[in-house]
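Dear colleague,

I am passing on the structure below, together with some notes on what I found in it. Please look through it alongside the text that follows.

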Amino acid sequence: MEFSHVSVLLYEAVSSLDIKKDGVYVDCTAGGGGHSAEILKRLENGRLFALDRDPEAIATLKERFKGDERVTVVQTEFENIRSVLASYGEEHADGVLADLGVSSHQLDTAERGFSFHNDAPLDMRMSKQGVSAADLVNSLSERELERIIRTNGEEKFSRSIARAIVRERQKKPVETTLELVDIIKSAMPEAAKRSPGHPARRTFQALRIEVNGELDRLESSLEEMFSSLCVGGRLSVITFHSLEDRIVKRKFASLCTGCTCPPSFPVCVCGKTPRGRLAFKSVLPGEQELEANPRSRSARLRSIEKLK
């Protein structure tokens, strides 16, 4: 099966890496290889590591870049970036890119269970391994479900949705995406269901984040990515919702923070200096991209350069 994906902020993201023709680059979420292919256009004797945890993406990447000796495809989590580089004899990277969004392939392949538009098994596992969304929905307590939907989805009707899920699963297990959609709708006021956006969007986001641990290790993974850079190298990250973006923004701010002595101190005694500087504040998709790819509407690109 072909792994199709429309790469968001394609040129902006790749340009933000300030690519050197002989540099080492890592696409931490390579997916269908859109960003990777654009990086390769700008490389001559350089090297690209294309990482992804989805086995279908890995198969596509290996086929797409077959015969290109500049490319190394690795199935792994992006938090393992430093060990991947070390295992292939590289100490540092000149640039690292991470696109944190769900791929078009994952959304459009109904049987993967990510979409609330198609009926399919309630799955949502990016790696196709481990605990599925159905496992969570049918086993967690009402309180835990409410917490996940409220925290990961920022859904204000999280309590009534969790209550409805528990009530319905007592009759029969919740096994498909559209079964869950109907339960979510039944728990929401009519006015809320008429609001912009699909009524199930936030709950599906919440479950997907929980299933794949998307926020659990993001901050530490950002540290791993940044630490893997050489001085002058850049880390660029594309986020798709406010929870991710807050973590990235906060982490980048901490990396750019220098002296933390009280303003009343005449001289610095903490000795802290910034480890990085922002390449720019943030970049959003332009009108042309939004028209061509509506799924890019929530994307935001941030980039940081390593100083030491």
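Val 84 is buried, because its relative accessible area of 7% falls under the 20% cut-off, and in this predicted model the residue belongs to helix α4, which covers residues 81-87. If neighbours within four places in sequence are left aside, the contacts of Val 84 are Phe 49, Leu 51, Val 74 and Thr 76. Ile 161, by contrast, is 77 residues from Val 84 along the chain, and the C-alpha atoms of the two are separated by 41 Å.

Next comes helix α13, made up of the 14 residues 242-255, which spans 20 Å from its first C-alpha to its last, close to the 20 Å expected at 1.5 Å a residue. Its buried residues are Leu 243, Glu 244, Asp 245, Ile 247, Val 248, Lys 251, Phe 252 and Leu 255, so that charged side chains appear in the list beside hydrophobic ones. The elements that cover these buried residues include the helices α7 (142-153), α11 (201-212) and α12 (218-227), as well as the strands β5 (229-239), β6 (276-283) and β7 (300-306).

One of the buried residues of α13, Glu 244, is also touched by Glu 214, which is placed in the loop between α11 and α12. Glu 214 is itself buried, with a relative accessible area of 10%, and, not counting residues up to four places away in sequence, Glu 214 touches Arg 53, Met 126, Arg 208 and Ile 209 in addition to Glu 244.

Two of the helices that help to cover α13, namely α7 and α11, also pack against each other, at an angle of about 100 degrees and with their axes 8 Å apart. Because this angle lies within the range of 65 to 115 degrees, α7 counts as roughly perpendicular to α11. On the α7 side the contact is made by Arg 147, Ile 148, Ile 149, Asn 152 and Gly 153, and on the α11 side by Arg 202, Thr 203, Gln 205, Ala 206, Ile 209 and Glu 210. Ile 209 therefore appears both in this helix contact and among the residues touched by Glu 214.

As for the rings, the structure holds 2 aromatic pairs. One of them joins Phe 116 and Phe 204 in an edge-to-face arrangement, 5.6 Å centre to centre and with 85 degrees between the planes. This pair links distant parts of the chain, given that Phe 116 is in the loop between α5 (104-108) and α6 (133-139) while Phe 204 is in helix α11, 88 residues apart. Phe 116 counts as buried at 16% relative accessibility, and Phe 204 counts as buried at 3%. Elsewhere, Lys 306 lies over the face of Phe 226, at 5.8 Å from the ring centre.

Finally, there are two backbone angles to look at. Most residues other than glycine have a negative phi. Lys 128, however, has a positive phi near 60 degrees; this residue is found in the loop between α5 and α6, and at 39% relative accessibility Lys 128 counts as partly exposed. Glu 154 likewise has a positive phi, near 50 degrees, and is placed in the loop between α7 and α8 (158-169), where Glu 154 is partly exposed, with a relative accessible area of 35%.

With best wishes

Terms used: Residues numbered from 1 in each chain as written. Predicted model: local features only at pLDDT ≥ 70, side-chain atom pairs only at ≥ 80, totals over all residues. Heavy atoms only, no water. Helix = DSSP H or I, 4+ residues; strand = E, 2+ residues; numbered from the N terminus. Expected span 1.5 Å × (residues − 1). Buried < 20%, exposed > 50% of the residue type's maximum accessible area, 1.4 Å probe, protein only. Contact = heavy atoms within 4.5 Å. Phe/Tyr/Trp six-rings, centres within 6.5 Å; stacked < 30°, edge-to-face > 60°. Lys NZ or Arg CZ within 6 Å of the ring centre and 35° of its normal. Axes fitted to C-alpha atoms, helices over the stretch in contact; angles between N-to-C directions. Parallel < 35°, antiparallel > 145°, perpendicular 65-115°, else oblique.
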